[in-house]
Amino acid sequence: MPLIQFRQITLGYGGSPLLDALDGYIDSGERVCLLGRNGTGKTTLMRVLAGGVQQDSGEIITIPGTACSFLPQDIPDDLVGSVGDVIHSGVCGDHHEEQWETDRRLDALMDEMELLPEVDFSSLSGGLKRRTLLARALAGRPDVLMLDEPTNHLDVETILWMEDFLLRQKMALFFVTHDRAFLRRLATRIVELDRGRMTSWPCDYDAYLERRAAQLEAEKKQWATFDKKLAQEESWLRQGVKARRTRNEGRVKALERMRDEFRNRRTRQGTARIGIQAGSISGQKVAEVKNASFQYGETPIIRNFSTVLWRGDKIGILGKNGCGKTTLLRLLLGQLTPNDGEIVLGTQLQIVYLDQLRGEIDGEKTVAENVAGLSEMVQFQGQSRHIRGYLQDFLFPPDRIRMAAKWLSGGEKNRLLLAKLFLQPANVLVLDEPTNDLDAETLELLENLLVEYEGTLILVSHDREFLDHVVSGLLVFEGDGIVGEYPGGYQDWLRMRHARDAADTSGNATAPAQETATGKQWKKERPKKMLNRERAELERLPVQIEEMERKMAGLTVKLGEPELYQKNTADLLEAKKELTGLETAIATAYKRWAELDASAKNFENIG
């Protein structure tokens, strides 16, 4: 029997129900991931199951004695006291455990999560607060643990620890996440909330994507058939007196039912059409850091760090919570001055900065006012657009444009901030945790947008797949103020770190620099990074070479035909000239392709 079972759960706030007669269950020991677009009701469903929100109708059946814990995606504002106090508040009184056993268990949990019990909770960073709240949720030894975006604001090491910890537990999980690596590793079953209804997919994430795509295609064909039939029936009814004489009441009633079904149809939310307002071209060198150091009091944050950021670079910043990632961003933006060394910014920079705390959103203002103030029009890519149409590109329907921003979901707030920031012309994008709360489809769209972006990108993220798909290099905080620089994405850095650790373990002091390279060693040896236009050229060249070789093959066949030599000599000479030109062009293209390919692989070879 399932630990939790819910039947016909319905909840609405006017209009179409947010939750429309949902049926589902959570079995003992399974790990269920709840997916759905932003604003479809995922958080609401979790709060209903956790008892924080009352449904309009339906029932929730829980096996007696089942302990449940819920970790919300937002950090409560009313929590006071030390870290230890907050964590101890999560202890469930239903478990028969001596006080000394509880204290020892929670001390071990805090040690494992690297939390200091005496530190005041309000003084912590966002990531450390999230880690503390997770510890509080685990303190009650729940049978069912509900997690709403648990990886938000957590560093990669804590996410990896959480994955390993949760995989070792026997508790059931019901979680919402945008982190695809986290999802792939944990989920044993996927449920999707779409247009108020829930569908269960007993498979992994990749299989779910294939099956869902097939289901949506089948739905599209079914609706097309239905719409065609409805149009035929409407045409029949409009035929006039002759039709009314011959029609039967059953056919008319069937048409009325079809009309009702069409009116009640809930179409799937569209795909966002977001774009970035391109700025002017910046100087070739965006920023040069020369032996920069920075510290707060006696605590070193960055020590003796040097690098050069070139136009078109896409750089990710990785490190533990509280290590100084935001400080590094502020140094690179010129908002802070290093204690030692210097940072020289390039020319003609147009910088747009997305803050992870979303401080640019005023919750009391409407969605439209947050983007355009009191104006009804915005300027985007040289054209004047009405604010309603612009926000619809970011998936804000007309009925939500005039509502206060404080009522938006986490993902909607993130989309709103992107809509506001992308109105500003930019040749340097600085994004601090841009993926938080975004649904998978919007996340993939943002990925593609950033990959195609021709300006410079500086990105702080703990989303491993996002880093792998977007960035071309990483700045990694390695402890004690040291910032290492590495080529590639997260998986590339992981391979280099494992190779370095293996070399250190073997005691091979003479290991080549490629195997033991720190960020500084790689930086010293690296060539200048490829520009975006060079990457695009590398992608185009194979197609161009293939096309030229196809033309050359056709010319060779033509020159082998005796009839050509019997015709006008000018045609023969022109064909030979074209063939010679193609041979030269192909050789040049192959040489250029080899140069670009070697340049693209050079970072990996050094690593």
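Me: Which strands form the open sheet of three, and in what order do they sit?

Reply: Happy to start there. Strands of a sheet pair through backbone hydrogen bonds, either parallel or antiparallel. In this predicted model, three strands make an open sheet with the order β11-β10-β13, and their pairing is antiparallel. The edges are β11 (299-310) and β13 (340-345), each of which pairs on one side only. Between neighbouring strands of this sheet the average turn is 15°, direction ignored.

Me: How many bridges join β10 to β13?

Reply: Strand β10 (residues 285-296) is joined to β13 by five bridges, and the two run antiparallel. If you would like a place to look on screen, try A287, whose bridge partner in β13 is L345.

Me: Which helix lies across these strands?

Reply: That is helix α10 (residues 325-332), which lies across β10, β11 and β13. Relative to β11, α10 runs at about 50°.

Me: Now the other sheet, please. What is the strand order in the open sheet of six?

Reply: Reading across, you get β14-β17-β18-β12-β19-β20, and here the pairing is mixed. The edge positions belong to β14 (351-354) and β20 (483-487); each has a single partner strand, so one side of each is left without a neighbour in the sheet. From one strand to the next, the twist averages 15°.

Me: Are β14 and β17 parallel or antiparallel?

Reply: They are parallel: β14 pairs with strand β17 (residues 428-432) over four bridges. One pair to find is L354 with its bridge partner L431 in β17.

Me: Let's turn to charges. How many salt bridges does the count come to?

Reply: First, the general idea: side chains of opposite charge can pair when their charged atoms come close. In this model the count comes to 31 salt bridges. A good one to begin with is R464 with E163, where the closest N and O atoms are 2.6 Å apart. This pair links distant parts of the chain, with R464 in helix α16 (residues 464-470) and E163 in helix α5 (residues 156-168), 301 residues apart.

Me: Is R464 buried or exposed? And E163, buried or exposed?

Reply: The cut-off for buried is under 20% relative accessible area. R464 has 7% relative accessibility, so R464 counts as buried. E163 is buried too, at 1%. Both residues also belong to a network of salt bridges that links E163, D164, D179, R185 and R464.

Me: What does the salt bridge between D206 and R184 tie together?

Reply: The side chains of D206 and R184 meet at 2.8 Å, N to O. D206 lies in helix α7 (residues 205-237) and R184 in helix α6 (residues 180-186), so the pair ties together parts that are 22 residues apart in sequence. As for exposure, D206 is partly exposed with a relative accessible area of 37%, and R184 is partly exposed with 34%.

Me: Which residue forms a salt bridge with R259?

Reply: The partner of R259 is E234, and their closest N and O atoms are 2.7 Å apart. R259 sits in helix α9 (residues 249-263) and E234 in helix α7, so this salt bridge connects parts 25 residues apart in sequence. R259 counts as partly exposed at 30% relative accessibility, whereas E234, at 18%, counts as buried.

Me: Next, helix packing. At what angle do α4 and α5 pack?

Reply: Helix α4 (residues 126-139) and α5 pack at an angle of about 15°, and their axes are 12 Å apart. Angles under 35 degrees count as roughly parallel, and α4 and α5 are therefore roughly parallel to each other. Their crossing is left-handed.

Me: Which residues meet where α4 and α5 pack?

Reply: From α4, look for R131, L134 and L138. They meet T158, W161, M162 and F165 in α5.

Me: One last residue: where is R47 found, and what is R47 in contact with?

Reply: R47 is found in helix α1 (residues 42-50). With 36% relative accessibility, R47 counts as partly exposed. Leaving aside neighbours within four places in sequence, R47 is in contact with G52, V53 and F70. For another landmark, L71 is 24 residues from R47 in sequence, and their C-alpha atoms are 10.0 Å apart in space.

Key. Residues numbered from 1 in each chain as written. Predicted model: local features only at pLDDT ≥ 70, side-chain atom pairs only at ≥ 80, totals over all residues. Heavy atoms only, no water. Pairing = 2+ DSSP bridges. Axes fitted to C-alpha atoms, helices over the stretch in contact; angles between N-to-C directions. Contact = heavy atoms within 4.5 Å. Salt bridge = Lys/Arg side-chain N within 4 Å of Asp/Glu carboxyl O. Buried < 20%, exposed > 50% of the residue type's maximum accessible area, 1.4 Å probe, protein only. Parallel < 35°, antiparallel > 145°, perpendicular 65-115°, else oblique. Left-handed = near helix turned anticlockwise from the far one by under 90°.
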